[in-house]
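Good morning, colleagues. Please look at the structure on the screen while I speak about one of its interfaces.

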There are 4 protein chains.
Amino acid sequence: MTPAPAPAPPITRLLISCPDQPGIVAATSRLLTQAGANIVRSDQHTTDPRDGTFFMRMEFDLVLSPPERAELEASFAREVGAPLEMQWRMSDARVRKRVAILVSREDHCLLDLLWRRRRGELEIDVPLVVSNHETLRDDVESFGLTFEHVSVERGRRAEAERRLLELVHDAPVDLVVLARYMQILSGELLEALAAPAINIHHSFLPAFAGAKPYAQAKARGVKLIGATAHYVTERLDDGPIIEQDTVRVTHREDVPALMRLGADIERTVLARAVRWHCEDRVLRAGDTTVVF
Amino acid sequence: MTPAPAPAPPITRLLISCPDQPGIVAATSRLLTQAGANIVRSDQHTTDPRDGTFFMRMEFDLVLSPPERAELEASFAREVGAPLEMQWRMSDARVRKRVAILVSREDHCLLDLLWRRRRGELEIDVPLVVSNHETLRDDVESFGLTFEHVSVERGRRAEAERRLLELVHDAPVDLVVLARYMQILSGELLEALAAPAINIHHSFLPAFAGAKPYAQAKARGVKLIGATAHYVTERLDDGPIIEQDTVRVTHREDVPALMRLGADIERTVLARAVRWHCEDRVLRAGDTTVVF
Amino acid sequence: MTPAPAPAPPITRLLISCPDQPGIVAATSRLLTQAGANIVRSDQHTTDPRDGTFFMRMEFDLVLSPPERAELEASFAREVGAPLEMQWRMSDARVRKRVAILVSREDHCLLDLLWRRRRGELEIDVPLVVSNHETLRDDVESFGLTFEHVSVERGRRAEAERRLLELVHDAPVDLVVLARYMQILSGELLEALAAPAINIHHSFLPAFAGAKPYAQAKARGVKLIGATAHYVTERLDDGPIIEQDTVRVTHREDVPALMRLGADIERTVLARAVRWHCEDRVLRAGDTTVVF
Amino acid sequence: MTPAPAPAPPITRLLISCPDQPGIVAATSRLLTQAGANIVRSDQHTTDPRDGTFFMRMEFDLVLSPPERAELEASFAREVGAPLEMQWRMSDARVRKRVAILVSREDHCLLDLLWRRRRGELEIDVPLVVSNHETLRDDVESFGLTFEHVSVERGRRAEAERRLLELVHDAPVDLVVLARYMQILSGELLEALAAPAINIHHSFLPAFAGAKPYAQAKARGVKLIGATAHYVTERLDDGPIIEQDTVRVTHREDVPALMRLGADIERTVLARAVRWHCEDRVLRAGDTTVVF
């Protein structure tokens with residue numbers, strides 16, 4: 001039996017990044033405490049106490065009506081956010097993120113996400129699954145979800161991207177997940193999405209970027225293969241890394257065996273990255289990430 | 001070349017445990033900020049936001065003369081510690097912990113600790129190494145350290161423990177490390193030490209507690225072997241666990257091979273536990289630990 | 001896209017255990033080579049070259065009609081098996097094992113096996129899924145498989161076991177997999193099954209045998225949790241271990257989080273054990289196993 | 001106490017690579033068995049049963065006088081090696097390999113090798129340690145070993161390499177280990193060494209080849225760092241990989257912390273690679289290796 005989920009407490013998450021200086025924790029926690037919040041978790045990181053960037057994530061426990069919530073955000077902006085030059089956002093942990101999944105023909109990452117969602121492990125809504133192939137329609141529909149086929153024909157990528165964008169905007173979504181979607185997204189599309197996108201790459205980046213990473217790994221004779229979940233940027237296979245993992249292999253594994261072992265790592269790494277993103281645990285820090 | 005250590009900043013560490021309630025972070029950070037401190041790292045954990053125990057570790061950056069330091073501690077005790085029923089302690093990160101190491105005849109854990117210390121990885125002082133055998137005298141002395149032989153003869157354990165206690169008290173030390181010391185310490189001795197003791201057990205506890213864990217593991221046919229570093233209590237092989245790790249084995253490894261593979265895990269796990277303890281990152285939580 | 005499986009070559013697997021003595025490899029490989037076989041893989045293990053037990057697994061490539069196959073087996077028995085006191089069996093790698101899966105209400109191990117089978121990763125047939133609950137009927141039937149509900153009522157276990165046995169014998173099957181089946185099988189049933197049974201236990205055995213292992217692990221404060229796949233014997237949670245793995249946890253994970261993390265390990269470990277068993281890679285060696 | 005080593009049995013190791021074809025195992029094992037050998041371990045690998053390269057390693061137990069040994073090798077060459085177009089070698093497991101270690105100023109890989117050797121874990125002789133710095137002289141001499149300083153001055157590399165070569169040839173040695181030796185060896189030197197060379201690279205190759213891999217890893221924000229032991233070829237950081245491993249890191253680790261964590265992986269990976277090479281378990285296969 002799936003463990004019965006505890007009733008979700010009224011948790012709010014606050015994510016901050018700002019220039020480091022004394023007093024950030026004190027100012028933030030004083031304002032929240034005065035508002036009646038109980039801080040139940042706090043993580044922070046500074047790249048350098050003297051001159052660096054400060055990152056913080058707090059979870060606090062506070063029942064607020066929508067107007068009270070707006071008031072809290074306004075006073076936080078005024079009294080803490082602006083004076084300390086923060087980039088910040090608050091989110092209600094009980095509001096599930098809306099996620100669009102893009103996929104080609106490999107099913108392992110997609111099905112793992114959908115299965116974790118159904119099981120209550122991944123508290124997301126999936127209003128949309130898009131594929132450039134029909135292959136996985138039945139699988140997706142068996143979960144009661146919407147499957148859209150947007151074929152990407154040679155020379156007509158712009159058209160496909162317009163259709164994709166339309167679907168994503170109609171959904172609408174907070175996050176786009178590329179669960180082995182074997183098409184490159186243009187910079188224009190990425191910008192127009194207005195939501196972050198997470199990709200799973202089937203190698204331990206930066207090793208074996210590009211095509212056929214398992215064949216590259218076999219040729220190079222590596223003793224571990226891996227997978228990498230990263231935010232998508234215009235630079236292919238080069239966005240900020242959220243999560244990676246590896247598994248040991250030997251000379252015995254041929255390319256199909258590497259693909260099979262790798263598939264297990266891919267689905268696990270992608271599921272972690274999506275989970276962490278949707279729990280507001282990932283902050284971008286230039287070309288890297290802070291994962292609390 | 002060993003990486004040149006950066007000049008240690010004037011970091012103070014504050015460790016707290018107390019009944020959870022709103023306002024702990026705010027009260028603590030306000031007082032520290034008013035004293036001029038910059039909080040550079042903060043970790044917290046609560047066993048339950050409603051009714052649990054709250055644990056926190058803060059690192060802050062503050063130059064204080066000894067009287068100023070005493071004053072800060074007094075005002076913290078009065079304004080924060082007492083009202084919130086805290087157990088707490090502050091420690092200066094630049095003051096190296098003094099560690100006594102007890103060992104029998106196996107050298108791998110001992111030498112790894114001494115080597116890491118010499119290399120600057122483990123910022124501890126080792127005023128004393130005690131063994132119930134002469135075997136490792138030369139090794140210890142080659143590091144310029146004091147080696148004392150306290151033989152433990154059958155039926156004369158009390159006498160040996162008195163001698164051991166005398167040496168430890170004369171050192172004196174903040175921590176006792178049992179680096180494969182194959183004698184049981186009596187409850188009286190543990191209490192009289194007046195310092196915590198960390199032991200390395202050569203199995204993944206609670207599996208294979210007691211003697212000859214690698215032989216037990218071979219007989220049981222496990223596919224992973226492990227090691228466990230834990231605080232020593234009167235109950236043998238049963239104190240709060242600080243760190244554990246495992247390594248994969250197969251039917252090919254006989255007991256000596258398991259011992260060899262296990263030795264690598266033992267030394268690594270013990271070094272991590274000692275390091276974390278000496279960085280004030282470990283809090284006891286009943287029969288378990290919180291490691292920040 | 002799932003990697004297209006290569007056409008299965010006509011591989012035969014030979015598994016041997018016998019008292020160790022000189023000449024086993026030579027006698028075996030000579031007979032096979034004379035029969036025209038090409039040995040494409042060979043693994044062996046001896047517990048002791050002087051006085052131990054010898055285990056070997058060979059894969060050879062040979063096209064045989066059924067009568068030729070029978071003849072090969074007869075000559076192997078006569079010329080090699082009997083003189084060297086071998087226990088041995090040959091199996092055709094192209095013949096898929098028939099597997100019955102028993103499950104209660106947790107779906108993660110079951111679905112992972114079915115999904116791997118559908119994807120071509122696990123070359124097994126599943127003529128039968130039995131559960132003591134109705135919960136997972138739809139899931140199983142959505143894969144086009146037979147689901148049977150055999151409720152186990154207090155005081156009427158014998159009746160339930162008779163029904164279970166009937167179903168298994170009617171299937172019939174080569175292997176029974178307990179994919180989180182929360183009922184104890186009697187010694188009589190195990191014997192009557194006439195097929196090996198593999199269980200997944202949700203701890204790193206022998207630690208935390210028995211009920212509620214994740215709650216036990218939390219109380220003990222371990223830093224790694226694990227899962228164990230083992231052959232089922234009459235002694236609960238004590239049969240020969242096929243595979244184990246662990247994952248790192250901290251004080252932050254509560255029991256539901258441990259269950260969630262553990263579920264990932266359980267399904268992976270069970271899938272490996274079933275795969276290895278069905279590839280004839282596991283030999284029992286007393287209370288342990290040899291996994292080639 | 002270090003486990004007492006069992007008296008080494010008279011084991012001979014046979015390493016083979018040849019074009020795959022039926023009958024290799026049979027021919028080899030028949031000849032060895034007729035000579036009175038008991039094959040106690042056999043591993044084999046084929047890149048493709050139809051058209052590939054076949055690799056095999058056998059350990060057999062046989063007491064031979066030197067003339068008997070020469071005779072066995074001659075008959076093996078005549079009856080098996082030549083007809084099957086084998087590259088092969090036999091080696092006596094009781095004869096310790098002679099290893100020269102080259103090092104610059106980092107001590108962790110060097111000391112770990114020397115410590116494992118002294119402890120009986122690594123059955124090698126070390127007739128020579130060479131460094132381009134004086135830093136580690138005392139450490140090496142405290143193990144009773146020969147330390148030679150060969151400084152490498154700008155523009156005078158050829159001279160340094162001549163001196164190095166002289167020392168290595170005088171030793172003489174079976175293997176050269178670069179235990180964090182921060183100089184590039186010329187192709188001429190590599191050829192003149194007439195012994196294989198193993199290097200440890202402080203990254204998970206092919207990621208972060210070249211200089212300052214930990215700084216590269218930090219900038220790229222990877223979530224795992226690693227180390228790679230490989231045979232040295234003329235192409236820098238590009239020889240056949242023998243062993244690799246990784247360790248998990250987070251945004252918290254700065255470059256010195258990555259270097260510290262990485263040092264543990266480096267020394268472990270290098271020690272495994274040296275051990276496996278010296279146990280004749282590594283065969284080169286083009287740009288990759290087979291490790292039995």
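I shall go through the contact between chain D and chain A, beginning with its extent and ending with its symmetry. Please bear in mind that this is a predicted model.

To begin with extent: chain D and chain A each bring 34 residues to the contact. The buried area between chain D and chain A comes to about 2700 Å², and carbon and sulfur atoms give 52% of that area. On the side of chain D, 26% of the area buried against chain A is supplied by D:Arg220, D:Lys223 and D:His251, more than by any other three residues.

I turn now to the polar side of the interface. Between chain D and chain A there are six salt bridges. One of the salt bridges joins A:Glu243 to D:Arg248, with the closest N and O atoms 3.1 Å apart. Polar contacts across the interface of chain D and chain A link 19 residue pairs.

Which elements give two or more residues to the side of chain D that touches chain A? They are strand S2 (38-46), helix H7 (213-220), strand S11 (241-248) and strand S13 (288-291) of chain D. S11(D) gives the most, with seven residues. By class, this side of chain D has 13 nonpolar, nine polar and twelve charged residues.

Finally, symmetry. Chain D is superposed on chain A by a rotation of 180° with 0.0 Å of shift along the axis, at an RMSD of 0.0 Å. The two copies are therefore related as by a two-fold rotation axis. The residue of chain D that comes closest to the rotation axis is D:Ala207, whose C-alpha lies at 2.3 Å. The same surface serves both copies, as 100% of the contact residues of chain D recur in chain A.

Technical notes:
Residues numbered from 1 in each chain as written. Chains lettered and ligands numbered in written order. Predicted model: local features only at pLDDT ≥ 70, side-chain atom pairs only at ≥ 80, totals over all residues. Heavy atoms only, no water. Contact = heavy atoms within 4.5 Å. Buried area = accessible area lost by both parts, 1.4 Å probe. Salt bridge = Lys/Arg side-chain N within 4 Å of Asp/Glu carboxyl O. Polar contact = N/O pair within 3.5 Å; in protein donor to acceptor, adjacent residues only side chain to side chain. Helix = DSSP H or I, 4+ residues; strand = E, 2+ residues; numbered from the N terminus. Nonpolar A, V, L, I, M, F, W, Y, C, P; charged D, E, K, R; others polar. Least-squares fit on C-alpha atoms with pLDDT ≥ 70 in both.
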